[in-house]
Amino acid sequence: MDPLRLIVVTQILPSRARPGWGSYVLDAVRTLARSVEVFVLSPHLEPAGLAPPLRCRRDGVTFLRPPLRPPTGRLAFQAALLALQVRPWIRRLARGHRAVLHAQYGCPEGAAAGQAAASAVSQG
């Protein structure tokens, strides 16, 4: 049986532009990676020159950092926009695996992850 796969959705991670931002998230996923396969899906708003690599693997964790379309409007709209952007990633990561989806924050990440997961499950 495939190992359990943890998919973490967060917009809070250290980057070149914000090196100390979300270091606690980084610490948590590194610790979890000792026990399960961890993927961190973290869309970013960084300018092109400071953008992180799309995919990298460090300390047993695979980081996926697709560019995020700038969110505008109410939080519900931001969550819906984020859900549209993370849905295909979640679907690909979860397909054929036992997977747990974790959102670091309730809004917009949690709402987006919930919407994306419901869609991914219903569409296979």
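**Packing of helix H1 and selected loop residues**

The buried residues of helix H1 pack against four strands, namely E1, E2 (37–41), E3 and E4. The model described here is predicted. The buried residues of H1 are Val25, Leu26 and Val29. Viewed down the axis of H1, these residues fall within an arc of 100 degrees, so they line one face of the helix. This agrees with a general property of the α-helix: with 3.6 residues a turn, residues three or four places apart point the same way.

The chain as a whole contains three helices and five strands. Read from the N terminus, the order of these elements is β-α-β-β-β-α-β-α. Of the 124 residues in the chain, 42% are buried. Among contacts with a separation of 6 or more, 67% join residues that are 24 or more positions apart. The area exposed by the chain is about 6,700 Å², and 59% of this area is supplied by carbon and sulfur atoms.

Two loop residues were examined individually. Gln11 is located in the loop that runs between strand E1 (5–9) and helix H1 (23–32). Its relative accessible area is 18%, which is under the 20% cut-off, so Gln11 counts as buried. When residues up to four places away in sequence are left out, Gln11 touches Trp21, Ser42, Pro43, Leu68, Leu82, Pro108 and Glu109.

Asp59 is found in another loop, the one between strand E3 (55–58) and strand E4 (61–64). The relative accessible area of Asp59 is 51%; the cut-off for an exposed residue is over 50%, and Asp59 is therefore classed as exposed. The backbone angle phi of Asp59 is near 55 degrees, a positive value in a residue other than glycine.

Aromatic rings were considered next. A search of the whole structure for aromatic pairs returned zero. Two arginine residues, however, lie over the faces of aromatic rings. Arg58 lies over the face of Phe63, at 4.7 Å from the ring centre. Arg58 belongs to strand E3 (55–58) and Phe63 to strand E4 (61–64), the two strands joined by the loop that holds Asp59. In the other case, Arg92 is placed over the face of Trp89, and the distance from the ring centre is 4.9 Å.

Definitions and conventions
Residues are numbered from 1 along each chain as its sequence is written. This is a predicted model: local features need pLDDT of at least 70, side-chain atom pairs count only at pLDDT 80 or more; totals for chains, interfaces and linings use all residues. Side-chain values use heavy atoms; hydrogens and water are left out. Buried means under 20% relative accessible area, exposed over 50%, partly exposed in between (1.4 Å probe, protein chains only). Contact means heavy atoms within 4.5 Å. Accessible areas come from the Shrake-Rupley method with a 1.4 Å probe; for residues, only the protein chains shown count as cover. Rings of Phe, Tyr and Trp (its six-membered ring) pair if their centres lie within 6.5 Å; planes under 30 degrees apart count as stacked, over 60 as edge-to-face and the rest as tilted. A charge sits over a ring if NZ of Lys or CZ of Arg is within 6 Å of the ring centre and within 35 degrees of the ring normal. The arc is that of the directions from the helix axis to the C-beta atoms.
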